[in-house]
Amino acid sequence: MATADHGEVAAGQEDPESEEEVYEVVDLTEYARRHQWWSRVFGSNSGPIAEKYSVATQIAMGGVTGWCAGYLCQRVGKIAATAVGGGFLLLQIANHSGYVQVDWKKVEKDVNKAKKHLKKKANKAAPEINTFIEEVKATDFLKRNIVLSSGFVGGFFLGLAS
């Protein structure tokens, strides 16, 4: 191993200066100017997406994300429906075979009690949800990004259908 300052280093010895690593300092603002994708993704422009991408790109991005969300909802929904339906079917088979005795009057009473409880909770939670929607301004987002949103909805339905 040869160095410019110290001549040649002996075989079993290390150069003391080689232990120090030199790091390059990267200025992110300059990096963002040189790399367009970086400035598009992390740029200071926080306006609607319609100002950043073409209509075709927005529809494609919305469609792909919508399809992924729809496909995931379809798969999770099928699994959940199978689990709930299978559990109910097994409960019915066990009931008819005599393994389980179900007090249906008590079940009905408990379900009605749960319904009343949920109605009370829903009435209390509704103002909080409306406040959240107003704070987030979801409708403003949809209005500013209508092309992206419509692509998402279309992709979502395609994902559900596939």
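## Exercises on a predicted model

N95 is buried, its relative accessible area being 18%. The model that gives this value is predicted.

**Exercise 1.** Place N95 in its element and list which residues it touches, not counting residues up to four places away in sequence.

Solution. Start with the element: N95 is part of helix 3. Next, take the contacts, leaving out residues up to four places away in sequence: V100, Q101, V102 and W104 remain. Last, check the burial class: the cut-off for buried is under 20%, and N95 has 18%, so N95 counts as buried.

**Exercise 2.** Decide whether Q58 is buried or exposed, and state how far its C-alpha atom is from that of G151.

Solution. Q58, like N95, is assigned to helix 3. The relative accessible area of Q58 is 3%. Buried means under 20%, so Q58 is buried. For the distance, note that Q58 and G151 are 93 residues apart along the chain. Their C-alpha atoms are separated by 7.3 Å.

**Exercise 3.** Identify which residues form the nonpolar patch on the surface, and which elements give two or more residues to it.

Solution. The patch is made of F88, L91, W104, V107 and V111. Together these residues have about 440 Å² of accessible area. Two elements, helix 3 and helix 4 (104–136), each give two or more residues to the patch. Helix 4 gives the most, with three residues. On the helix 3 side, F88 is one of the patch residues. W104 of this patch is also among the residues touched by N95.

**Exercise 4.** Find how many disulfides the structure holds, and classify C68 and C73 by accessibility.

Solution. The number of disulfides is zero. C68 has a relative accessibility of 42%, and C73 has a relative accessible area of 44%. Partly exposed covers the range between 20% and 50%, so C68 and C73 both count as partly exposed.

**Exercise 5.** Determine where in the chain the confidence is lowest and where it is highest.

Solution. Begin with the whole chain: the average pLDDT is 76, and 63% of the residues score at least 70. Then compare the elements. Strand 1 (residues 2–3) is lowest, at a mean of 48, and helix 3 (residues 55–97) is highest, at 91. Over residues 42–46 the pLDDT is below 50, and this stretch has three contacts in the model beyond near neighbours in sequence. Predicted coordinates should not be read in detail where pLDDT is low.

Definitions and conventions
Residues are numbered from 1 along each chain as its sequence is written. This is a predicted model: local features need pLDDT of at least 70, side-chain atom pairs count only at pLDDT 80 or more; totals for chains, interfaces and linings use all residues. Side-chain values use heavy atoms; hydrogens and water are left out. A disulfide is a pair of cysteine sulfur atoms within 2.5 Å. Buried means under 20% relative accessible area, exposed over 50%, partly exposed in between (1.4 Å probe, protein chains only). pLDDT is the predictor's confidence in each residue, from 0 to 100. Contact means heavy atoms within 4.5 Å. Patches are made of residues with over 30% relative accessible area and no salt bridge: like charges are joined within 9 Å, nonpolar side chains (Val, Leu, Ile, Met, Phe, Trp, Tyr) within 5 Å. Accessible areas come from the Shrake-Rupley method with a 1.4 Å probe; for residues, only the protein chains shown count as cover. A salt bridge is a side-chain nitrogen of Lys or Arg within 4 Å of a carboxyl oxygen of Asp or Glu.
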